[in-house]
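Visitor: I have not seen this one before. Can you walk me through the places where its parts touch?
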Amino acid sequence: MNCYMNTIPIIIDDKKLEVDPGKTILEVCRENEIEILTMCHLKGVLDIGACRLCLVEIEGVNKLLSACTTKVAANMIIRTNTDRIKKYQRITTELFFAERNHVCAVCVANGKCELQDLGYKVGLDHIRYPHLFPQCEVDTSHPWYVMDHNRCIMCTRCVRVCNEVEGAHNWDVMNRGHQVRVISDFNSPWGESVTCTSCGKCLHACPTGAIWPKAIVQGQLQKNPGMINELVEKRKMKL
Amino acid sequence: MDFELPLFLFNKNAGEFYMKSDTAVPVKDMPKTDPRMKLIAAKLKKESFKPDALIEILHTAQNAYGYLPKEVLSYITKALHLPPSRVYSTVTFYHFFSLKSKGEHTCLVCTGTACYVKGAQAILNEIERGLGLKAGQVTADNKLGVQVARCIGACGLAPAVVLDDEVQAKVAPEEIVQKINAKIGTL
Amino acid sequence: MNRQDLKTIIYAEKKKEETNKYKHKICVCCGAGCISSGSEEVMKKLQEEIKTRGLENEVEVIPTGCMGPCNQGPLMKFLPEYNIYQKVDCSNIAAIVQSQLIEKKPIEDLLLFADSREKPFIDARDDPYFKKQLKIALKNCGHINPERIEDYLVHNGYLALDKVLFEMSPEEVIAEVKQSRIRGRGGAGYPAGLKWETVYKYVNDQKYVICNGDEGDPGAFMDRSVLEGNPHRVLEGMAIAGYAIGANKGYAYIRGEYPLAIKRFELAIKQAKKLGLLGNNILGTTFSFDVEVRIGAGAFVCGEETALIASIEGKRGTPRPRPPFPAESGLWGKPTLINNVETFAAISPIINNGGEWYSEIGTPKSAGTKVFALAGKINYAGLIEVPMGTTLREIVFDIGGGIQNGEEFKAAQTGGPSGGCIPAEHLDVKMDYESLVSLGSIMGSGGLIIMDKSSDMVDVARFFMEFCMDESCGKCVPCRVGTRMMHDLLQKICDNKATQIDLDRLEELAVYVKETSLCGLGGSAPNPLLSTLRHFRKEYESRIVQHD
């Protein structure tokens with residue numbers, strides 16, 4: 001029996017759930033331990049639906065919708081694990097790896113990388129598409145941190161954290177299409193930035209080894225993406 | 001042993017570091033007497049310094065200078081109180097804005113579908129053969145720049161080439177170099 | 001100005017037209033196409049010629065918008081005889097004036113289509129090129145001077161706005177638009193009436209109307225011609241929409257590539273404001289509506305509504321996931337109505353003649369007329385407007401005059417880089433939303449590129465993929481990386497280096513990008529590829545390298 005008047009019934013993967021309206025499908029799934037793969041989602045900053053990993057099928061909707069940006073509605077029937085979705089998740093992962101120069105063996109984030117975890121989860125054994133091998137820079141001009149564009153997957157988590165949480169807006173995205181790059185100020189070296197506060201939040205937000213602190217070696221990297229949401233909550237409370 | 005991140009440390013050299021950055025973006029060097037700058041200033045005033053008018057103001061600047069010099073960009077950035085990266089990301093997103101000078105004279109080859117079907121590639125090949133310029137390149141003396149456009153909407157006149165601001169209709173590949181030379185010679 | 005003043009102006013202008021002191025009217029096409037062919041010099045020379053002959057009290061020369069057959073330009077039309085001269089240049093003006101105005105007979109050799117038809121039609125209205133067309137959105141293009149509001153007022157301009165303000169409630173306006181069954185002309189074909197109703201229902205003190213004039217499809221120039229030929233019509237449509245949904249502010253987003261359209265539209269706004277047809281308290285009522293022009297900066301993706309909104313807000317034109325739709329949360333988070341230029345251009349005739357009249361034109365599911373931009377290997381390239389449901393064969397052969405040099409028709413590309421191709425065996429397809437979708441293409445904004453046998457379909461697919469790759473905003477993975485991968489694979493096929501495995505991967509990627517992309521650009525980017533694969537698979541297979 002529905003004991004809360006303000007909840008709505010939905011079905012996810014044949015599981016009947018009563019959920020609060022106003023939540024996104026992703027939030028509901030995370031609360032109910034239904035696995036949804038994500039890359040650009042970071043709790044605490046706005047969702048943009050860019051990585052397309054969290055796509056779900058909704059009965060009666062002929063398009064696949066991203067779970068992170070779609071709100072639940074009453075009597076929604078959602079599927080998160082059909083063959084089609086699994087196939088597309090695999091292709092997306094392959095494209096992530098083929099886009100830039102990801103070499104786990106020499107990466108500082110080896111073992112602590114969300115992209116690497118994603119590869120394991122979708123069962124990636126090889127990449128069927130040709131690697132694009134773009135020419136990417138490694139920006140070491142900042143006194144403490146390094147930005148390695150080779151390992152960037154353009155999730156723009158750093159951009160959103162810097163803008164929404166820190167409020168500095170040091171990062172943004174330049175160009176378009178496959179030539180997009182994360183930039184600091186006028187595409188100048190990070191170390192010369194006039195807006196960066198060196199707070200290091202982008203480092204914690206980054207899911208891969210694209211932003212990392214200097215003076216550490218493989219295995220020493222500690223990233224804490226959860227701290228972003230904690231910060232947001234604390235700032236709301238104004239303790 | 002895990003490495004603790006030096007997150008909230010205050011860097012003693014930070015002050016010095018920021019001063020260095022200010023010279024990297026030289027706002028004070030702006031020639032305020034330049035009539036083109038006055039044009040931009042007037043536009044900024046007209047749009048009452050609203051950040052959402054960024055693209056309109058960039059249009060004005062692009063038209064005045066032919067490209068967007070860094071000094072002008074930082075002037076606009078300061079005037080609108082926008083983060084520099086936000087301005088730069090907008091500038092690089094749109095085809096219209098250019099960060100480099102496009103040359104005194106421009107030769108714009110339309111590569112829209114209609115022009116492509118009718119041989120825009122042959123024109124580009126001919127320009128490369130005759131003048132040694134590929135699309136997007138500028139001659140060493142900055143006299144002529146060759147660009148391509150995704151449809152200028154003159155499909156009835158395909159293949160079309162725009163020399164400076166004049167549309168040349170139904171251009172035959174063999175006459176393009178001659179037309180360009182005539183243009184540069186006379187001006 | 002109040003309602004009575006408008007009526008007085010229209011009456012006075014009509015009177016002037018009726019008691020016209022001029023015996024002849026010469027329209028010189030000053031659309032962008034004809035201007036590039038030199039119509040401005042022609043006009044200057046014509047005025048001089050008329051002055052030297054002392055005819056300036058008998059003949060009126062006016063610049064007009066696009067007349068249609070752009071590749072025959074510059075065009076010159078003599079009224080009331082309806083003789084159209086093509087490819088006029090300064091050297092033969094004297095002869096034309098002499099023959100037409102003094103000797104009262106046209107020079108047949110110089111008339112429209114004289115070089116391609118056995119015998120040209122003296123009265124151009126008899127020519128099948130015009131006879132098969134039905135002009136609603138383009139009705140006054142080519143007849144009136146787009147830079148004079150009085151010319152538009154004489155042709156019942158702003159009467160529809162007058163009617164809705166004084167005789168109709170917003171609900172009635174929406175009902176009328178719904179009854180007309182007009183569908184959005186921007187490409188997707190969403191019923192305009194439903195969209196208006198949705199925005200109307202959201203309660204908010206601030207709503208916006210946006211006119212989407214970011215016509216980015218290569219090979220399409222319908223919006224350009226409407227904006228250049230009759231900007232007031234679009235303005236009137238926007239004001240009516242504003243009244244219907246309860247908005248007081250409109251934005252017209254026009255491509256930066258169309259300087260003439262921007263100039264004329266801005267002029268139209270100025271003129272309408274001066275007469276009180278725009279601005280505060282229109283015609284003395286409580287309704288206020290203001291329009292501002294925003295100039296596009298060259299990004300195809302800005303045709304997508306959420307990207308367009310971002311661009312008007314002065315940001316990168318990247319789309320965002322929908323829902324929420326702009327009708328709920330659009331420009332600055334307010335309910336926003338976005339329609340195409342052509343849709344707005346059709347509103348005032350719908351109000352004047354009733355929705356029922358409009359709904360009877362065309363096919364049951366796709367009502368009204370559609371403007372197409374004919375281009376490619378066709379004899380009479382230019383702008384046409386036909387009722388929905390006209391067959392492709394009629395468009396290509398009866399109106400377009402067939403393929404250049406008598407070659408064989410191979411395919412027609414509709415909808416630009418988001419559409420698909422229609423092969424020769426489907427020449428009799430009816431041009432409406434459903435029929436085109438069933439062939440794997442889309443109506444799109446109305447670009448129609450005709451190809452003959454010299455066109456290589458794999459290369460065409462590669463060309464469109466290159467376009468989408470360049471125009472992808474780079475936000476979502478399938479579009480950013482997927483279009484690049486597909487382009488590389490297509491290039492490989494074009495270079496005769498690909499294997500069957502590559503082709504299979506290409507097909508898999510195409511479906512993947514189509515289904516997973518964030519916005520319409522990525523979602524339709526594989527369409528040209530999938531449609532050429534469907535109709536011309538042999539051309540792909542013949543280039544595959546066979547491994548043993």
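Visitor: How many residues of chain C are in contact with chain B?
Guide: This is a predicted model. In it, 50 residues of chain C are in contact with 32 residues of chain B.

Visitor: And how much area do chain C and chain B bury between them?
Guide: About 3,300 Å², with 57% of it on carbon and sulfur atoms.

Visitor: Which residues in chain C lose the most area to chain B?
Guide: Those are C:Ala297, C:Arg316 and C:Phe463. Together they make up 19% of what the chain C side buries.

Visitor: What is the count of salt bridges between chain C and chain B?
Guide: The count is two. One salt bridge is between the side chains of B:Glu56 and C:Arg294, at 3.9 Å from N to O.

Visitor: How many residue pairs are in polar contact across that interface of chain C and chain B?
Guide: There are 16 such pairs, counting residues that are both at pLDDT 80 or more.

Visitor: Which elements give two or more residues to the side of chain C that touches chain B?
Guide: Three helices and three strands of chain C do. The helices are H2 (32-36), H13 (305-312) and H18 (457-471), and the strands are E7 (290-295), E9 (369-376) and E13 (447-452).

Visitor: Which of them gives the largest share?
Guide: H18(C), with eight residues.

Visitor: What is that side made of, by class?
Guide: The side of chain C that touches chain B has 21 nonpolar, 15 polar and 14 charged residues.

Visitor: Changing topic to chain A. What does its domain assignment give?
Guide: Chain A is assigned domain 1 (8-81) and domain 2 (87-237). Taken over C-alpha atoms, the centres of these two domains of chain A are separated by 25 Å.

Visitor: How many residues of those two domains of chain A are in contact?
Guide: In chain A, 16 residues of domain 1 are in contact with 24 residues of domain 2. The two domains bury about 1,600 Å² between them, 66% of it on carbon and sulfur atoms.

Visitor: How many salt bridges does the rule find across the interface of domain 1 and domain 2 of chain A?
Guide: One. A:Glu35 forms a salt bridge with A:Lys121, and their closest N and O atoms are 3.5 Å apart.

Visitor: And how many residue pairs in polar contact there?
Guide: Six across the interface of domain 1 and domain 2 of chain A, again with both residues at pLDDT 80 or more. By class, the side of domain 1 that touches domain 2 in chain A has ten nonpolar, two polar and four charged residues.

Key
Residues numbered from 1 in each chain as written. Chains lettered and ligands numbered in written order. Predicted model: local features only at pLDDT ≥ 70, side-chain atom pairs only at ≥ 80, totals over all residues. Heavy atoms only, no water. Contact = heavy atoms within 4.5 Å. Buried area = accessible area lost by both parts, 1.4 Å probe. Salt bridge = Lys/Arg side-chain N within 4 Å of Asp/Glu carboxyl O. Polar contact = N/O pair within 3.5 Å; in protein donor to acceptor, adjacent residues only side chain to side chain. Helix = DSSP H or I, 4+ residues; strand = E, 2+ residues; numbered from the N terminus. Nonpolar A, V, L, I, M, F, W, Y, C, P; charged D, E, K, R; others polar. Domains from an automatic or database assignment.
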